[in-house]
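I opened a new model today and kept notes as I went. My aim was a quick pass from the whole chain down to a single residue.

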Amino acid sequence: QLIPLFVIIGSGGVGAGLYLMRLAMFNPDVSWDKKNNPEPWNKMSPSDQYKFVSINMDYSRLKKDRPDF
């Protein structure tokens, strides 16, 4: 009777680990390579989606609303 409990707790742990790995790899706030790309958030275009869930948002139609530095 404990097998479903272990399956649910295990899948929750695996899901949390995968989400943490996704945040570490694809979030523009995280910089792993300080020499070649010290500020990765400046290289993001307005059409890049970095949110996990975007409801009713088409990022390909966004226009640039910030200056280049």
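The entries below run from fold to surface. I note at the start that this is a predicted model.

**Entry 1, fold.** I looked up the secondary structure. The chain has one helix and zero strands. Helix H1 covers 3–26.

**Entry 2, record.** I checked UniProt next. Its unreviewed entry places a "transmembrane region" at residues 6–25. I computed the span: residues 6–25 are 100% helix and 0% strand. The C-alpha atoms at the two ends lie 28 Å apart.

**Entry 3, burial and contacts.** How many of the residues count as buried? I get 6% of the 69 residues in the chain. I then took the contacts with a separation of 6 or more; residues 24 or more positions apart account for 13% of them.

**Entry 4, surface.** I put the accessible surface of the chain at about 6,500 Å². Carbon and sulfur atoms hold 62% of that area.

**Entry 5, patch.** I found a nonpolar surface patch of about 810 Å². Its members are Val14, Leu18, Met21, Met25, Phe26, Val30 and Trp32.

**Entry 6, Val30.** I picked one patch member, Val30. Where is Val30 found? Val30 sits in the segment after helix H1. Its relative accessibility is 31%, so I log Val30 as partly exposed. That class lies between buried, under 20%, and exposed, over 50%.

Key:
Residues are numbered from 1 along each chain as its sequence is written. This is a predicted model: local features need pLDDT of at least 70, side-chain atom pairs count only at pLDDT 80 or more; totals for chains, interfaces and linings use all residues. Side-chain values use heavy atoms; hydrogens and water are left out. UniProt positions are given in the numbering used here, feature names are shortened, and annotations may be inferred rather than shown by experiment. Helices (H or I, at least four residues) and strands (E, at least two) are DSSP runs, numbered from the N terminus. Patches are made of residues with over 30% relative accessible area and no salt bridge: like charges are joined within 9 Å, nonpolar side chains (Val, Leu, Ile, Met, Phe, Trp, Tyr) within 5 Å. Accessible areas come from the Shrake-Rupley method with a 1.4 Å probe; for residues, only the protein chains shown count as cover. A salt bridge is a side-chain nitrogen of Lys or Arg within 4 Å of a carboxyl oxygen of Asp or Glu. Buried means under 20% relative accessible area, exposed over 50%, partly exposed in between (1.4 Å probe, protein chains only). Contact means heavy atoms within 4.5 Å.
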